[in-house]
Amino acid sequence: MPEPIPSPPAYPIVGHAHTGVIDPVNTAQSYRILREKYGPIYQLNFYGKPFVVVTSQKLVNELCDETRFHKFVSGALEEVRHGAGDGLFTAYHGEESWGIAHRILMPAFGPQQILGMFNDMLDINSQLLLKWERFGPDHAIDPTDDFTRLAFDTVSLCAMSYRVNSFYQEGLPPFVKAMGSFLLECGRRSQTPSLVQGLMRTANAQYDADIKLMVDLCDQIVAHRKSHPEEAKNDLLNRMLEGKDPKTGRGLSDANIRNQLITFLIAGHETTSGLLSFTCYHLLSTPSAYVKLQAEIDAVLGKEPIQLSHLPKLEYLQAVLRESIRLNAPLGMLLLTPEEDTVIGGQWEIKKGTRCGVEINGLQRDQTVWGEDAAEFKPERMLDGKFEALPPNSWKPFGNGARACIGRPFAWQESLMMMATLLQKFDLRFDDPSYHLQLKQTLTTKPKDFKMHVIPRKGARPIVGPGMQVQLSAHTSAPTEEKPTKPAEVPFGKGVPMYVYFGSNTGSCEGFAQNVVSDAPAHGFKATIATLDSLDALSKVHYDGPIIVITASYEGQPADNAAHFVEGLRSLSAEKRPLANIRYAVFGAGNHDWAKTYQRIPTLIDTTFEQLGAQRLMKRGEGDAGGADFFGAFDTWEKNLWSTLSKEYKTASVEQPVEEEDEDDFVVNITGTARQIRLRQPDLRDGKVLENRLLTKPGAPEKRHIQFQLPEGMEYSPGDYLAILPKNPDDTVRRVLKHFNLQPDMKIEIKTKSSTTLPTDEPITLRDLFSEYVELGQPLTRRILDELLNFGPKAGADREALNTLAANAPTAVFDRRLSALDLVEMYPSIAIPPKRFVKLLPSMRIRQYSISSSPLAHPGQCSLTVSVVRAPAMAGHGEFLGVASNYLAHLQIGDVVCLAVRPSAVKFHLPADTTKPIVMFCAGSGFAPMRGFIEDRAEQLAAGRPVGKTVLFVGCRSPEEDLLYKDDDLKKWQEAGAVDVRPAFSKQPDASCGCKYTQDRVWNDKADIKQLYRDGARFYTCGMSGMSNACRQKCIEMIAEELHLPVEAAEKQFQDISGERYSIDVFG
């Protein structure tokens, strides 16, 4: 029996409409809450009409089966029909006009046609770049608005040869405004009964006016084309006007042409503007991805104007865009309905005609597909074959099957070009570093209130703007003058020449090709390697050895670095057998989950080569990325390749020794639960120590620099914290074991029915228990003191001593910061059993340290600058050892550490505008975050960025003892002009302008500080509270002096400005 589909409580008649279950302003959040509460499938009800929503890949895969489900135009989408009619996006299933239009218009989006739009795309692209350059780095840009202009102008020019010129208008184009209002109203109307809609006169009037404005523009475009036939281009509009359906021989009606124009103007810019806006947000939120992408763009484009040949090489940019649209698909819901009554997931029945929704954001965050970090922005998940190996229908931002967006290649090329030229020309920064993504929704989704600054990069090439374009004739046809693209061409060995060409988006086929090249010398061949797109003149080259093609098929499309080759291959005529001089073999990669297009491109290449006269050396190999033996299939094919080639070319094959492995009778399995999970710190992950060095001279308080390799995907900004899960010092652990007469290697197993952070139901040594899971040095609380005293003697001298201790606990215990271990050592008559002692102890807690580095210097790494706490114990005997600082001090290179990045206070980050001055006050290890700020700016300065004045006021003992990084980093940064250091030496004030402490130097240099304030500087303080308060007081006194105010009034003035311009991070 089918199970009922989960559903929230509903009201009679209206169901879930207007109940708050779905927020029409923020539907994405509503659907997120629903999927978290109800799981991968749930059912809503709007005025008696059921709506089934699915979010998991497993269920979505069933709904995307076009033999069982088809597109369902209903809800908001049906309301859009009032404006777009039977356009491609809003046509009903089976509507004849859709088939006619689809067959006529689909060829307009073929690879060659998209490539031919390059110059027009670049024209509009340059208009946006010029506008942003003229605004300057201080202007907060709303990228969503300008990307909307970009996309609208681009689709208008490329598809209809019509210039809207929206970059030359004060506001958004009227069509765009009307469209936004129209789509928003469509969403509202979809949840409003028809009877009520009729009463909404004002809304209806605006709705009708918006539709009229859109219709009028489209009619204007058509009328202009008809009245100026001499200007006609073979663009999309021309196909609409002149094209004939190859199946029926019919063309498009005037009404349908209007509907198609409205559809393309809406869909053609909404998706692209959203994708670009979200991509900028995610890059700014993920510094390592930003740095990596900009490095790729610099490597590929350099200072050259962008060309078509650059696009296939931007592999990381491809991954960035795929990951961005995964996390934030512009269209949040894909609507489908079953052909017949059906059951999905083996348990839920859906009736014929029921509206079903694939919630794209839920699908593309399905942790069973994307992992536990599904909500994180990680472009790497789209590289190295991972994208191609995804389960079917995991990534669906462009719709499904025959009704998927035919403009996808158009939007993708436009987005690649925009992001590449944008990051080639500018550095991007948040306007508000604390900004967290908010969504603005109509029918599609875009970022809300997202603003950024664009800072021209030093030495960046001039923008190629309208009327200034260089000759790029190679852009619209196969590049003939450019040298073939051979990114990894390497001749290997001696012997018969071999030419290995690959087509790969994510690296798997490139890796296979490299394997062949590497193995070639052992079989008597000398191999070179290159991309398929380097084969522009395939028929004109004489090859004196075999050609090996290894390429992938991506949902029936060639890899990005094989698209030109495939198109050129198709254009060759078989009549003259142009490839008769070629002998070849092909290996193809694909995914059987895309059954209809599985191996399409490798098969096409294989059969076309043969039709054009080439001689096939062996049967085409197949690798299924969705199968269990993808790599094994290639290995088998390669083995057969060498056997075939050796016979054909009479080469001597050298067998490589193969070592057989005996079955291992020693197996190690990891069991138990990780410490961070037990201690309820699940975000902590394993980092690795790369460096641990002493910064101070002998005799000075110990301070250390410790460099970590962060776990993959863990990011930070200067000013953030690194949370560390430490271990107790070995000396402290020995003390507790000695007190209870326990052996360190003795194993115990803890069992309890109550909740605990201790490791239960698994063996653990006593050394590990006391080292890793409990706090041994934490000062006593009254509760723990009282419980410990309960285990003391009931009478006698010791009892009297304990009673006296309890009576004087504030001074005798708490002021001395005694720990439980201190107390039982001082009073051995406290006969607490070890198990009760363990139960009393607090759980080991994390410690947070300010990160002292910048990710710009070493992406994926961070450093700490730590004061190691060692002092005579206040208990009166022994030494007090700070738990975390001593743990860090004893780490060795290669040690694994449990850690996580934690954000600091909102304002304790560098300003988005790098040209703003910053002033820093610190002492001791309070220098840590300031070092990160300085390093960030030093890296920007070294990269040619304009950087504001950076002034450091730092207190320490003497220049030789503990002025941290004096002889290396600080010296280097001073010499580069990245920082102006103003020290205060408590032991040698004569070496620091007579100033003993930080606050003294602040007051001494008050003229400079006042000027920096007038220049817009941001101020930061980090250190002990005494230093922080003293510096704060000096700033207040400066205000009083400058404005001739009493101190009380100056303090109020300080408080008014401190929220925005004075940030504090105080410890101790």
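Q: What volume does the second largest cavity have in this predicted model, and what makes it a cavity?
A: The second largest cavity of this predicted model has a volume of about 30 Å³. A cavity is a set of points where a 1.4 Å probe fits but cannot get out, so the term stands for enclosed space.

Q: Which residues line the second largest cavity, and what makes a residue part of a lining?
A: The lining consists of Gly-924, Val-954, Gly-955, Cys-956, Asp-962, Leu-963 and Leu-964. Lining residues have an atom within 4 Å of a cavity point, so each of these seven names meets that cut-off.

Q: How do you know how the lining of the second largest cavity divides by class?
A: The lining divides into four nonpolar, two polar and one charged residues. Val, Leu and Cys count as nonpolar and Asp as charged, while Gly counts as polar. Therefore Gly-924 and Gly-955 fall in the polar class, and Asp-962 in the charged class.

Q: How many cavities of 30 Å³ or more does a search of the whole structure find?
A: The search finds two. The largest cavity has a volume of about 40 Å³.

Q: Which elements give two or more residues to the lining of the largest cavity?
A: They are helix 6 (118-135), helix 7 (143-160) and helix 17 (408-425). Helix 17 gives the most, with three residues. The lining residues are Met-121, Asn-125, Leu-150, Thr-154, Glu-414, Met-417 and Met-418. By class, four are nonpolar, two polar and one charged.

Q: Why is Ser-819 called buried?
A: Buried means under 20% relative accessible area. Ser-819 has 3% relative accessibility, so Ser-819 counts as buried. Ser-819 is found in the loop between helix 27 (809-814) and helix 28 (820-826). Leaving out residues up to four places away in sequence, Ser-819 touches Leu-776, Gly-777, Gln-778, Pro-779 and Leu-780.

Q: What makes strand 31 (980-985) and strand 33 (1062-1067) edge strands?
A: Each pairs on one side only. They belong to an open sheet of five strands with parallel pairing, in the order 31-30-29-32-33. Neighbouring strands of this sheet are turned by 10° against each other on average, direction ignored.

Q: How do you know that strand 32 (residues 1018-1024) and strand 33 pair?
A: Pairing needs at least two bridges. Six bridges join strand 32 to strand 33, so the two strands pair. They run parallel. Thr-1021 has Ile-1064 in strand 33 as its bridge partner.

Q: Which strands does helix 31 (residues 927-942) lie across?
A: Helix 31 lies across strand 29 (918-923), strand 30 (950-956) and strand 32. Helix 31 runs at about 150° to strand 29.

Definitions and conventions. Residues are numbered from 1 along each chain as its sequence is written. This is a predicted model: local features need pLDDT of at least 70, side-chain atom pairs count only at pLDDT 80 or more; totals for chains, interfaces and linings use all residues. Side-chain values use heavy atoms; hydrogens and water are left out. On a 1 Å grid over the protein atoms alone, a cavity is a set of points where a 1.4 Å probe fits but cannot get out, and a pocket is an open set with protein on both sides within 12 Å along at least five of seven lines; lining residues have an atom within 4 Å of a point. Grid points are joined across faces, edges and corners, and a volume is the space filled by probe spheres set on the points. Helices (H or I, at least four residues) and strands (E, at least two) are DSSP runs, numbered from the N terminus. Axes are lines fitted to C-alpha atoms, for helices over the stretch in contact, and angles run from 0 to 180 degrees between N-to-C directions. Contact means heavy atoms within 4.5 Å. Buried means under 20% relative accessible area, exposed over 50%, partly exposed in between (1.4 Å probe, protein chains only).
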